[in-house]
Every structure is written in structure tokens, then in C-alpha cells.
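Please open the model in your viewer and keep the sequence panel beside it, so that each stop on this tour can be selected in turn.

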Amino acid sequence: MRSVPIPSAILTLVVGMILVVAGFWVGQNINLLPAAASSNAPLYDELFAVLFTIGTILFLGILGLLIFSLVRFRRRDGDSGDGVAVEGNLQLEIFWTAIPAIVVLFVGIYSYDIYDRMGGMIPLADPHSMHGSMDSPVAQVSVRSSQNLQSSEGEAGTPRLWGGIGAASGGSSGILPVDVTALQFAFLFHYPEGDFISGELHVKSGQTVELRMEARDVIHAFWVPEFRLKQDVIPGQPTVLTFTPTLPGRYPIICAELCGPYHGGMRSTVVVHEPEAFDRWLDSNLPATVASAAGAPTG
Amino acid sequence: MTLAFPPQTSQPQSLPPGLQPQGWLRYLSFSLDHKVIGLQYMVAGFFFYLVGGALAGVIRVELLSPISDFVPRETYNEMLTLHGTVMIFLWIVPVVNGAFGNYLIPFYVGARDMAFPRLNAVAFWMIPPAGFLLIASYFIAGAAQSGWTAYPPLSLTTPAAGQVVWILSVLLLGGSSIFGGINFIATILKLRRPGLKMMQLPMYCWAMLGTSFLVVLATPVLAGTLVLLSFDIIAHTGFFNPALGGNAVVYQHLFWFYSHPAVYIMVLPAFGLVSEILPVHARKPLFGYTTMVYSILGIVFLGLIVWAHHMFTSGTPPWMRLFFTIATAFIAVPTGIKFFNWLATLWGGKIALNSAMLFSCAFIVHFVFGGITGVALAQVPFDIHVHDTYFVVGHFHYIVYGGTVFVVFGSIYHWFPKFTGRMLNEHLGRLHFALTFIGFNLCFAPQHWLGLNGMPRRVAEYDPQFTMLNQVSSVGALLMAISTLPFLINVAWSAWAGPVAGDNPWRALTPEWLTSSPPPVENWIGPAPLVTHPYGYGVAEDQIDLKSATGQQLWSRGR
């Protein structure tokens with residue numbers, strides 16, 4: 001029997017399946033991200049894997065199509081003829097309008113879901129609604145006290161807060177409020193509970209932290225790559241960033257917004273403690289201790 | 001590059017002798033000829049490309065080591081500010097708009113010049129003083145240090161003289177851009193040869209029409225913003241200064257209202273140029289002309305309403321973050337149409353793998369990659385981690401260098417025979433392509449990983465764990481610098497001694513090829529040709545023995 005060539009539809013299907021498998025393999029097995037040390041980092045990594053998978057499929061598919069065309073349809077020596085006079089194909093064009101539209105719609109809905117799970121959709125104007133009913137009285141008090149420290153934002157009720165992402169999810173042990181001041185070229189961390197200032201951010205693993213940030217001079221940005229979080233610190237507009245560290249360790253705090261000559265050197269460290277270690281650190285920094293140390297920033 | 005041919009060839013006898021210089025001196029004069037102005041833009045732009053490249057070289061040398069050891073930190077910030085400003089405002093925008101636009105648009109609409117030739121010359125001659133002012137500021141008073149974005153309050157606290165000169169220079173360049181945009185709109189809408197319909201125009205006309213609307217709508221906003229910023233610096237008003245009751249974030253909204261569309265001002269003309277190059281060298285009609293036009297218009301509209309995706313960490317309310325995420329992601333739809341249409345244009349063609357085609361195809365690869373990272377960046381949760389990091393630097397350079405600059409080079413290989421009447425050397429061209437392609441990807445691909453793992457942008461010093469990849473990136477930058485040598489040699493040598501091209505070496509159908517190379521002063525001797533099918537390449541379908549073929553079958557043909 002005469003051998004029949006494999007129909008192109010089947011070849012296309014096989015190539016498509018290989019592409020999808022390759023995309024999923026890349027998305028699942030190639031890790032391009034640093035350690036995940038906060039409760040929303042796994043969510044971020046989930047989103048990243050999905051985007052990486054889709055991106056790999058699309059990129060390899062288009063690259064393959066292009067290289068195939070360049071090889072298969074290259075002009076041979078001595079051939080001065082023309083290609084096929086196809087000026088368009090409306091069905092085909094509708095089809096490839098639909099592909100990116102569906103992909104983008106899916107990615108958009110999915111990333112909205114991730115954003116919502118990270119706590120991005122919680123209204124920012126009212127800090128009390130931010131924590132809902134999970135707040136323990138201690139946390140309420142501490143939030144109040146941090147507001148009092150920022151009384152310049154207007155006495156009539158809550159200050160307008162901007163930006164931020166991250167829900168107060170680890171509510172069991174209350175919220176640790178920290179006032180962050182960014183200035184050229186350092187971050188200062190003020191702990192309202194003990195009324196002392198630290199040059200490093202110390203937090204307790206599993207306890208939600210609420211950073212209330214304001215800049216003294218120019219715009220800075222607070223970024224911890226292992227937390228997958230970043231928030232600009234803006235003069236004149238306090239911003240808030242809430243997160244729950246999950247993995248004890250020391251991670252860099254990086255200023256991500258150009259803030260002057262020493263911008264690259266504007267770094268600090270966030271130390272995520274085991275709960276007991278954090279309590280020890282907090283005790284050792286209570287005002288009496290600090291006073292004996294002549295108010296020097298402790299780290 | 002254009003000084004080689006004798007001026008007499010382009011000098012019709014009927015023109016009255018005037019005070020305008022002739023010959024090569026035209027290129028240093030206030031010439032009103034759109035072709036002269038186009039080449040003035042191109043040569044001036046390329047000069048500034050070399051300047052901007054040298055500045056990038058300083059940045060890459062500094063980043064060879066994790067400590068700040070090559071230039072002082074202030075100088076480093078001046079370098080990155082000037083690099084961004086020069087590359088955007090003095091190289092890419094003037095070249096893809098001013099150079100190719102001025103040279104090609106009158107041909108494409110069948111006109112003998114632009115609608116406002118004097119305004120056109122004024123627009124060009126605003127560029128050299130603005131450029132030299134900007135560069136001179138470094139030597140005289142110290143250049144601006146606050147990045148090409150000039151965010152206050154940083155731009156209010158860095159040395160004032162450099163910042164004010166920067167503002168003045170960008171205002172001049174913005175003015176030049178607006179003049180050019182008005183001119184393109186008037187030329188395309190009102191100067192078309194009688195009988196030539198809008199939907200018969202070459203795609204580059206549509207791209208320039210869309211771009212010019214963006215220029216005219218968005219650039220004045222930047223101008224107004226920078227005027228207010230200069231008041232804040234000079235007169236200590238408080239528009240953007242929180243210490244005086246101003247708002248620093250409002251500046252960012254106003255700035256990006258221009259500067260996001262600016263990306264499309266840099267990229268849409270490149271889309272148009274690619275749409276001209278691919279059909280000629282693939283010997284096929286441009287696939288899906290109508291959807292290409294509508295996708296340009298879609299990009300223009302969406303491009304105006306996505307600016308706040310640059311500000312997802314700036315204290316933006318959740319609803320605003322969501323709106324701008326959706327609007328930004330949806331730009332992928334019209335852009336995707338264009339890329340699939342280009343791939344379909346290549347499919348089944350007879351593709352000449354020359355330098356123009358190679359650069360255009362590399363553009364497709366890079367832009368698809370940059371587009372995929374762009375859709376990812378549009379997602380708020382994704383962006384919050386990588387905003388203001390080297391991931392964004394990598395993404396941006398894939399769009400504007402891997403995209404637009406590759407198209408500029410491809411376009412020079414394509415139109416050089418028209419500009420000069422001589423061919424460029426194909427071997428040097430491919431060497432140029434190979435070096436640029438390898439160097440570019442080596443330089444910018446690793447930066448995505450750097451950003452994901454904790455390297456912020458605009459830093460002179462960084463975590464030592466990133467040393468290795470930064471050195472790889474710098475090697476790539478060195479290759480890119482070296483790659484300009486074969487190009488410069490090629491252009492200089494070919495302009496004098498290259499093989500004579502003839503009027504239409506590519507057997508192209510668009511109107512600029514239907515005249516002599518280089519063209520006479522008023523473009524055609526005799527009446528302008530009426531080109532209603534600028535992409536009428538290809539063998540008719542019935543000639544290739546596919547009697548009952550539908551487009552679908554033709555598409556899948558070529559097993």
C-alpha cells in the first residue's frame with residue numbers, strides 16, 4: 001500500500017500538545033524566585049507559575065512558527081517568484097483575536113483572585129475595617145496609638161492611608177504595628193508598643209505586621225523580595241503595608257525608588273524571629289533598656 | 001551617510017535659484033525638502049544614539065562590580081538620567097517618527113512635500129540645540145540626577161541648574177514632537193493624492209496617524225507638568241512639594257499620562273515600518289490589512305488609558321489598580337492581532353533572509369517576549385514584587401531596543417538604496433545583525449532574573465550575589481557597542497562605493513520606489529502615481545492550482 005502523509009491537522013495537534021506539556025513543565029519545575037517568607041509569597045508564586053506556563057507556551061509557539069516559516073519558506077537561489085496572494089482571512093483573524101482575548105481575560109480574573117486573597121481589595125481609607133472582627137483589643141489599641149503618633153494627618157478620625165497590599169490574616173496573636181520612617185538614606189522602625197526605634201525590622205513569625213510608612217524627604221520604596229511586597233513610602237501621604245511573615249530568617253529590605261546618590265546603599269534587614277525569640281528581643285529593647293543605652297538605635 | 005550622490009541628479013531645472021544651499025550643504029541648512037529633513041533627523045538621531053550608548057557603557061562598567069567604584073554616585077545618577085532622556089527623546093522618537101515619517105509619508109500619500117514644510121524644518125532644528133543643551137548641562141553645571149522620570153520631591157532637591165536645563169530641553173523636544181505630529185496628521189488627512197482612499201494607504205501611514213494623535217493629545221500634558229515642576233524648582237511654588245502642601249503622586253499621574261503613550265509613540269511607527277518591510281521581502285501581501293488598521297486605532301485608544309500601571313506601588317486605590325490592570329492587559333489583544341498577521345504574512349511567502357528581514361524577525365521575537373512580560377507586569381500582584389527592579393529594565397529594553405531599535409536598523413537596510421541609490425553590503429549587515437542579536441539578548445535577558453531576585457533599578461551598588469549576571473549583562477552591552485562598528489563602516493563605505501541600486505532593487509510596489517533613487521526634489525518627475533494596492537504581491541490564487549481553495553486551505557498549505 002502507498003504510504004499516506006500524516007494529515008497536517010494531526011501534526012498541528014501533536015505540536016500543540018508538546019508545547020502545552022513543555023509549558024507546564026517549565027512553569028512547574030523552573031524556579032526563578034527567591035525564598036517565600038510571607039503568607040502572600042506562595043500566592044505570588046502560584047500566579048508566577050501560571051503566567052510563566054502561559055508565557056512559555058505562547059513564546060515557544062510563536063518562536064517555533066517564525067523559525068519554521070523562515071526555513072520552510074526561504075527564497076531559494078534563482079527564484080524570483082512571489083508567494084501566495086492571500087490578503088487575509090477573516091475567520092482566522094477573528095480566531096487569533098479571540099486567543100489573546102481569552103488568555104488575557106483568564107489571566108486578569110485569576111490575578112484578581114490572587115490579589116483579593118492577598119488582601120488587595122480591602123478598602124484603605126478606614127483602617128478599622130481593614131482588620132474586620134478578627135482584631136483583638138490589644139491590636140485595636142495598638143492601631144490607635146500608631147494613629148496618635150501620626151496626628152498631623154488630621155484629628156477628625158482616621159487618617160487617609162494609601163496603597164498597600166496584604167491582609168491581616170494571622171490574627172490569632174494580634175497585629176504588630178510598626179511605624180516606618182524613610183529618609184535619605186535609611187529606614188527607621190518605631191515600635192509603638194515599646195516606644196523605641198530600631199534600625200532593623202524585627203517581626204515574629206506568624207504574626208501579622210502592619211507597617212505605617214511615611215517619608216521625611218523624597219519618595220522611597222520598601223521592598224522585601226522574599227515577602228514579594230513593595231510599597232512606596234511617600235512624603236506627605238502615609239502608606240500602609242500589612243503582611244504576615246512565615247519563615248524565620250534574615251531578609252534584605254531594599255529601597256526600590258530612586259532617592260538620591262546613595263539609593264543603592266539604602267538597605268536594611270528584616271529579621272523574622274521564632275515567637276519566643278521575638279519576645280526576648282522585644283523585652284531587651286523596652287524603654288528602660290533603651291534609656292540606659294542612651295537612645296542608640298538597637299538592632 | 002547621504003553625502004555620496006551628486007546633487008545635480010535631484011535638482012530639477014524648473015526650480016528657481018534661491019538662497020538655499022545645494023549639494024551636501026543642504027543637510028546643514030534650513031531645508032524645506034521632506035527628504036532632506038528626514039535624513040537630518042536620522043543622522044542627528046544616530047549621533048545621539050552613540051551618545052546614549054556611551055552613557056549606557058558607563059552604567060554597565062559601573063555595574064561590573066557590586067560596589068560603587070567607577071564613577072561618583074552623583075555622576076552615576078546623571079548618567080542614567082541622561083541615558084534615558086537621550087535615548088527616548090533624541091534617538092527613538094525623532095528617528096521612528098521624524099526620520100522615517102518625513103521621508104516616507106509624503107511618498108505614501110502621493111504628495112510632493114509635507115503639509116507645512118517650514119514647520120517641519122522648525123521641528124527638526126529644535127532638536128540639535130535641545131540635545132546639545134542637555135549634554136552640555138553635564139559639563140557646565142552638572143546634569144539632572146533624578147532619572148528620566150524626574151519624580152518630585154527628588155527632582156526638587158537635586159541640584160537645580162541641571163534639572164531646569166533638563167526641563168527646558170525636554171520642553172523643546174516635546175514641542176518639536178508636537179509640530180511633527182500636527183504636520184503628519186495634516187499631511188495624511190489633507191494632502192492625499194486625489195483618488196487615494198484612506199484604506200489604500202500603506203500601513204505606516206496609519207501607524208503615523210495613530211502615533212501623531214497620541215503625540216498631539218499627550219505631549220502637551222507633559223509640557224504643562226514640567227512647567228509646573230520648573231516653578232516648584234525656581235519659584236518654590238508647591239505644586240508637587242509635600243513640604244509646601246503639594247502632592248507628589250499627582251506629578252506621577254501627569255507624567256505617565258504622556259510617558260506611557262510615549263511607549264506607543266516609539267513602538268507604533270516601528271509596527272508600521274515592519275508592515276512595510278515584511279511584504280516586500282516575503283513577496284506576499286500584508287495579511288489582514290483592515291484588522292491591522294483597527295488594531296492600531298485600538299492600541300491608540302487603550303494606550304491613553306493605562307498610565308497608572310506605572311504607579312501600582314505609589315499609593316493607588318484598589319479600584320484604580322484593577323481598572324489599569326484590565327486596560328493594560330487588553331492592549332495585548334490588538335497587539336496580538338498584529339503579530340499573528342505578520343506571521344501569516346510570512347507564511348507561504350518566498351522570504352529573502354537579508355538583513356532587513358532578519359532585523360524585522362528579531363523584532364517579532366523580542367517584542368513577543370517583552371509583550372508577555374508586559375502582560376505579567378500589568379497584573380497588580382505580580383507588579384508589586386518586580387516594580388522598579390531590573391525585571392522592568394529588562395522588559396522595557398525588550399520593547400524599545402529589541403523592538404523599535406531593531407526595526408530602525410532593519411528599516412535602514414531596507415530604505416538605504418532609496419536614500420542614496422546604493423546598496424548596503426549584505427555580509428556586513430548580517431554580521432551587524434548577529435552581533436546585535438547576541439549582544440542584546442545577553443545584556444537584557446539576565447536582567448529579568450536579577451529583578452525577580454532582588455536587584456532594584458537605578459543603583460550603582462548591589463548585592464554581591466548578583467555580580468556574575470551583571471558581568472554577563474555588561475559583556476552583552478560590549479557586544480552591542482561593537483556591533484555598531486560594522487554598521488557604521490557599512491553605511492560610510494556603501495554611501496560612496498556601494499553597488500548602484502537602481503530605482504527599485506526590492507521590486508517593491510509602495511510609491512517611494514516608483515521614482516528614481518535618490519528621488520528628485522519634488523519626489524516625481526511628472527504626476528504622482530496612484531497606488532491603490534501597495535501590497536499587491538503574490539501569485540493569484542487560481543494560478544497555483546488550488547481551484548476550490550479557501551483561505552483556510554491556503555493558510556495551511558505548504559506541508
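Begin by selecting helix H9 of chain B and colouring its buried residues, which are Tyr289(B), Thr291(B), Met292(B), Val293(B), Ser295(B), Ile296(B), Ile299(B), Val300(B), Leu302(B) and Gly303(B); a residue is called buried when its relative accessible area is under 20%, exposed when it is over 50%, and partly exposed in between, using a 1.4 Å probe and protein chains only. This is a predicted model, in which local features need pLDDT of at least 70 and side-chain atom pairs count only at pLDDT 80 or more, while totals for chains, interfaces and linings use all residues. Residues are numbered from 1 along each chain as its sequence is written, chains are lettered from A and ligands numbered from 1 in the order in which they are written, and side-chain values use heavy atoms, with hydrogens and water left out.

Helix H9(B) covers residues 289-303, and its 15 residues reach 21 Å from the first C-alpha to the last, close to the 21 Å expected at 1.5 Å a residue, where the expected span is 1.5 Å times one less than the number of residues. Helices (H or I, at least four residues) and strands (E, at least two) are DSSP runs, numbered from the N terminus.

Which elements cover the buried residues of H9(B)? Select helix H3 (90-118) of chain A, and then H7 (203-234), H8 (248-282), H10 (318-330) and H11 (332-346) of chain B, for the cover includes these helices.

Next, show both chains and look at where they touch: 85 residues of chain A are in contact (heavy atoms within 4.5 Å) with 96 residues of chain B. The area buried between the two chains is about 8,000 Å², of which carbon and sulfur atoms give 68%; buried area is the accessible area (1.4 Å probe) that two parts lose on being put together, summed over both. Phe73(A), Trp96(A) and Leu258(A) are worth selecting here, as they supply 9% of the area that chain A buries against chain B, more than any other three residues.

For one pair across this interface, select Arg267(A) and Asp463(B), which form a salt bridge with their closest N and O atoms 3.7 Å apart. The count between chain A and chain B is 3 salt bridges, each being a side-chain nitrogen of Lys or Arg within 4 Å of a carboxyl oxygen of Asp or Glu. On the side of chain A that touches chain B, the elements giving two or more residues are helix H2 (41-72), H3, strand S7 (229-233) and strand S9 (249-255) of chain A, and H3(A) gives the most, with 16 residues.

Now turn to the backbone, where two peptide bonds are cis:

- From Gln184(A) to Phe185(A), omega is near 0°, and Phe185(A) has its place in the loop between strands S1 (175-183) and S2 (186-191) of chain A.
- From Pro152(B) to Pro153(B), omega is near 5°, and Pro153(B) is found in the loop between helices H4 (127-140) and H5 (154-157) of chain B.

Finally, select His236(B), in the loop between H7 and H8 of chain B, where phi is near 55°, a positive value in a residue other than glycine. Is His236(B) buried or exposed? At 60% relative accessibility, His236(B) counts as exposed.
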